[in-house]
Amino acid sequence: MTEAIISFDKVNKWYGNNFHVLRDIDLAVAPGERIVVCGPSGSGKSTLIRCINRLEEHQQGRLIVDGTELSDDVKAIERVRKEVGMVFQQFNLFPHLTVLENLTLAPMWVGKTPKKEAEERAMVQLNRVRIAEQAGKYPLQLSGGQQQRVAIARALCLTPKIMLFDEPTSALDPEMIKEVLDVMIELAEGGITMICVTHEMGFAKAVANRVIFMDQGQIVEENEPHEFFNNPKNERTKDFLSKILGH
Amino acid sequence: MTSNFQPIAARPAPVRIEGVGPWVRTNLFGNWASSLTTLALLGLVAWWLPGFLRWAFVDAVFVPKAALCQAARETGGACWGVVAEKYRLIIFGRYPYAQQWRPAVATVAMVALLVVSCIRVFWRPWLALLWAAVLAFFFALMLGGFAGLEAVTTDRWGGLPLTVMVATLSIVLAFPLAVLVALGRRSHMPAIKTICVIYVELIRGVPLISVLFMASFMFPLFMPPGMSIDVLIRVLVGITLFSAAYMAEIVRGGLQAIPKGQQEAADTLGLSYWQAQRKVVLPQALALVVPGIMNNFIAIFKDTSLITIVSLYELTGSMGLALDSDSDWRPFKLTAYLFITAIYFIFCFSMSRYSLWIESQLSRSKNR
């Protein structure tokens, strides 16, 4: 296996003094790997990926992203965030800015890209997620699916090596889930490293190299999708799969 | 069995609901209770209006003749003559009479600057330079002492120029301070947070009058001998610190209404703390609290009338000064009060309308 782009080494995290949310996490992600993380709510899967770009800080163990170890060092956090894009369940678009301004904000202010160039690149990304005609609108004028595609385009504008998805389709109407998943599948085919917290098992089967099942802050089971779905090893995994695939 | 979707063509509303007639019918005479209220209020106006018109216009005296005003008092008419007689003293206070063109020009420049600052097309970097230039012009013209202009110390300043200048500077200085304090109260750094909390709680715990007294009388006691700061500046600092504490809490309310996800999205995109505040959090937070902030601006404008107690005779103070010392005109203070009330109202009402315009501008992104 090539050098890991993300590596968790016995990572532990607590909320407050008593809630042990991540327990001895060991995980190595290879460049270009596409990982789906699933598990019941409260199992720590969102916290896991939020540690990768330091939206949450871990208290024990080592976490290395693209060669940089995450710590209190602000410069290290800055370096990591440059390489890691993130898409949230609630989109988190900036409602006071137009779609185009949402996309050019970070390139112009963080990357110091001239406005014209930033806008051209933003239009490329908007075309990629098939929403270029909405560039002048405000986020709240768009449907949920459109907003989430804008959020994906916004993250891509910084040309990250790694994309994190935190339940990207959970806040969407059923009719809109597909348009977002289609964009994510295309993205996966482009070879970017992806970690996706989702319960869209069809997506997992279609694009994941590896599926990780978490419960109570631990990685219970991980496997390639075919084996994971057809031949789960752990009782807890079987129980979970029977609940989400059972209907 | 299958059926095809049959669209129904749009039809106009059966009863007209737009226009003056329908508006009156639905809003003023919608049911018997509202009809009754409308009639009662109309009756009240009809009963009160003729008397008011007679007092304000028919029996009123408009010429500056004290004897005529005395006579009008018997018949129940207003004495607008007091304004005609004293308006220069009321508006310019104790500023030397022959030099009063200077505060007039300075105030017009200041008000013009405020109007220009309110218009979107002028929101350009050079506006800051214009502010510096107009403020310098204002103080130079008011102080004089050069190019043949008689020097006038700040204790002779008064009336509307003082009100407008103190209100403008307090607002312009208090607002950024308030934003910084509001951000500071939410800071993760304990020292900064504590300082901001202490500042806000300390200032909110005392009345403005005592802040002004401290600025005016107590502060000089702590200064090294031989050093003195103009009382006008001390009072300006006092009002600014006072208003900023209140405004900081309003701004903090706005900051708390912004979802955590906005900050997280900004962090994820690599924006620094100040970039995130300036580009993402503050524009949204301030948009939410425009009514509260404008409330505060208006309060500051009127609170300037309190600086009279430390012998800075702004509009209200100079009106008192103009009438109290003149026994011929003192009885007509009420009419003079109405005059300065009108001046205050024009300024405050303009601010209030401007705030509505700002709100409509900011709501664009929320309109679907």
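**Note on a predicted two-chain model: pocket lining, aromatic pairs and cysteines**

1. The lining of the second largest pocket is made up of 16 nonpolar, nine polar and eleven charged residues. The structure under discussion is a predicted model, and the points below should be read with that in mind.

2. The second largest pocket encloses about 1400 Å³ of space. Its lining counts 36 residues, of which His188(B), Gln263(B), Asp267(B), Tyr273(B) and Gln277(B) are the closest to the centre of the pocket. Both chains contribute helices to this lining: helix H2 (74-83) of chain A supplies at least two residues, as do helix H7 (159-185), helix H11 (260-268) and helix H12 (273-288) of chain B, each on its own account.

3. Turning to the aromatic residues, a search of the whole structure gives 20 aromatic pairs over all chains. One of them is formed by Trp48(B) and Phe52(B), whose ring centres are 5.0 Å apart and whose planes meet at 15°, so that the pair is classed as stacked, the planes being under 30 degrees apart. Both residues belong to helix H2 (residues 32-58) of chain B, where they lie four residues apart, or about one turn of the helix. Trp48(B) is partly exposed at a relative accessible area of 48%, and Phe52(B) is likewise partly exposed, with a value of 33%.

4. A second pair to consider is that of Phe213(B) and Phe217(B), with ring centres 5.4 Å apart and planes at 35°, so this pair is tilted. Phe213(B) and Phe217(B) are separated by about one helical turn because they stand four residues apart in helix H9 (residues 208-218) of chain B. Phe213(B) has a relative accessible area of 36% and is therefore partly exposed, and Phe217(B), at 45%, is also partly exposed.

5. The Trp48(B) and Phe52(B) rings also take part in a wider arrangement, since ring pairs link Trp48(B), Phe52(B), Trp55(B) and Trp80(B) into a cluster.

6. Two contacts between a charge and a ring may be added, one in each chain. In chain A, the charged end of Lys205(A) sits over the ring of Phe229(A), at 5.0 Å from the ring centre. In chain B, Arg88(B) places its charged end over the ring of Tyr97(B), 4.0 Å from the centre of that ring.

7. Over all chains the structure holds one disulfide, which joins Cys69(B) to Cys79(B) with an S to S distance of 2.0 Å. The torsion about this S-S bond is about 75°, so the disulfide is right-handed. The pair links distant parts of the chain, with Cys69(B) in helix H3 (residues 66-75) of chain B and Cys79(B) ten residues away, in the loop between H3 and helix H4 (81-92) of chain B. Both ends of the bridge are buried: Cys69(B) has a relative accessibility of 0%, and Cys79(B) one of 2%.

8. Which cysteine sulfur is nearest to that of Cys38(A), a residue in no disulfide? The nearest is the sulfur of Cys196(A), which is 11 Å away. Cys38(A) itself is buried, with a relative accessible area of 0%.

9. Cys348(B), too, is in no disulfide, and the nearest cysteine sulfur, belonging to Cys118(B), is 14 Å away. With a relative accessible area of 11%, Cys348(B) counts as buried, because the limit for that class is under 20%.

Terms used:
Residues numbered from 1 in each chain as written. Chains lettered and ligands numbered in written order. Predicted model: local features only at pLDDT ≥ 70, side-chain atom pairs only at ≥ 80, totals over all residues. Heavy atoms only, no water. 1 Å grid on protein atoms, 1.4 Å probe; cavity = no way out; pocket = protein on both sides within 12 Å on 5 of 7 lines; lining within 4 Å. Points joined across faces, edges and corners; volume = space filled by probe spheres on them. Nonpolar A, V, L, I, M, F, W, Y, C, P; charged D, E, K, R; others polar. Phe/Tyr/Trp six-rings, centres within 6.5 Å; stacked < 30°, edge-to-face > 60°. Buried < 20%, exposed > 50% of the residue type's maximum accessible area, 1.4 Å probe, protein only. Lys NZ or Arg CZ within 6 Å of the ring centre and 35° of its normal. Disulfide = S-S within 2.5 Å.
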